[in-house]
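Colleague: I'd like to learn how to read the surroundings of a bound ligand. Could you walk me through an example?

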Amino acid sequence: MSAFNSQANSQLILALSKGRIFEDTLPLLEAAGIIVTENPETSRKLILATNDPDVRVIIVRASDVPTYVQHGAADFGVAGKDVLLEHGGEGLYQPIDLNIAACRMSVAVKAGFDYETAVRQGARLRVATKFVNTAREHFAAKGVHVDLIKLYGSMELAPLVGLSDAIVDVVSTGNTLRANHLVEVEEIMDISSRLIVNQAALKLKRERLQPIIEAFERASRKTQ
Ligand code: ATP
Ligand code: PRP
């Protein structure tokens, strides 16, 4: 192997999104001996250094993490199951559930809307969501006819202003639903975030990646 290749094979790029995933991944990185030396909340930089000159963190939108890893622009990343189901998982190896950013994917409606009756009567429901693939599969499995309305955020607003009858969104404490007079009528699945690895990188950079994957696995088991 040439000197160039062996150097390239020692460099690792990790894709993370700002906020809860970044915060919850820091202790896992620390368990692998990696300390991120810049703070994405105060810096405008999108490529962050770590204490290891061979490891850098790139900051991308949560829903873009699988795309960067799939195409090898990042070697590995952390993404929610919700995001991975929408992406499809192509080109990604998903070795571990990190048990971070835990929440659930649910159907919610405006308080007073009789969801059960609407479903029983075979009404066609308008459903607003960012998670169109998951929502499509869920309602198809139940045999419920839906018109899906793709949104990019603030789903809770849609039933309040008559854009939709229901939403499919992630719920954790339920505070956002309560604050907007919505009620959860169906839980679709539990959600947490997973480590994802580019399939080619796993082969070419196995020596560097494997100890990190193992440290993440041990550390995430401890927090369960
Ligand atoms: P984007 O910036 O691409 O719109 P986002 O705003 O959903 O994405 P985050 O809010 O950082 O990004 O969420 C990242 C992941 O954390 C989600 O994909 C989901 O798996 C999980 N998550 C979302 N909301 C919560 C919550 N309230 N509590 C716990 N985990 C959550
Ligand atoms: C997520 C989600 C819900 C909220 C649910 O929003 O889209 O609105 O969390 O959490 P809760 O049940 O604890 O209220 P987030 O906080 O990520 O805001 P954002 O989508 O605007 O980033």
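Modeller: Happily! A polar contact is a pair of N or O atoms within 3.5 Å. In this predicted model, a polar side-chain atom of Asp-82 is 2.8 Å from an oxygen atom of ligand 1, so the pair falls within that cut-off.

Colleague: Which other side chains have a polar atom at a listed distance from an oxygen atom of ligand 1?

Modeller: Arg-20, at 2.7 Å, and Lys-130, at 3.0 Å. On its own, ligand 1 exposes 620 Å², and the protein buries 77% of that.

Colleague: How many residues surround ligand 1, and which classes do they fall into?

Modeller: There are 16, with Arg-61 and Ser-63 among the closest. By class, eight are nonpolar, three polar and five charged. Domain 1 (3-102 + 192-221) and domain 2 (103-190) each give at least three residues to this shell. Among the elements, α2 (20-31) and α4 (81-87) each supply at least two.

Colleague: Now for the second ligand. Where does ligand 2 sit?

Modeller: Ligand 2 sits in the largest pocket, and ligand 1 sits in the largest pocket too. β9 provides the largest share of the shell around ligand 2, three residues. That shell divides into two nonpolar, five polar and three charged residues.

Colleague: Which side chains place a polar atom by an oxygen atom of ligand 2?

Modeller: Thr-173 does so at 2.5 Å, Glu-156 at 2.7 Å and Arg-20 at 2.9 Å. Taken alone, ligand 2 exposes 500 Å², of which the protein buries 58%.

Technical notes: Residues numbered from 1 in each chain as written. Chains lettered and ligands numbered in written order. Predicted model: local features only at pLDDT ≥ 70, side-chain atom pairs only at ≥ 80, totals over all residues. Heavy atoms only, no water. Polar contact = N/O pair within 3.5 Å; in protein donor to acceptor, adjacent residues only side chain to side chain. Areas by Shrake-Rupley, 256 points an atom, 1.4 Å probe, with all protein chains shown as cover. 1 Å grid on protein atoms, 1.4 Å probe; cavity = no way out; pocket = protein on both sides within 12 Å on 5 of 7 lines; lining within 4 Å. Sits in = over half its atoms within 2 Å of the grid points. Helix = DSSP H or I, 4+ residues; strand = E, 2+ residues; numbered from the N terminus. Nonpolar A, V, L, I, M, F, W, Y, C, P; charged D, E, K, R; others polar. Near = heavy atom within 4 Å. Domains from an automatic or database assignment.
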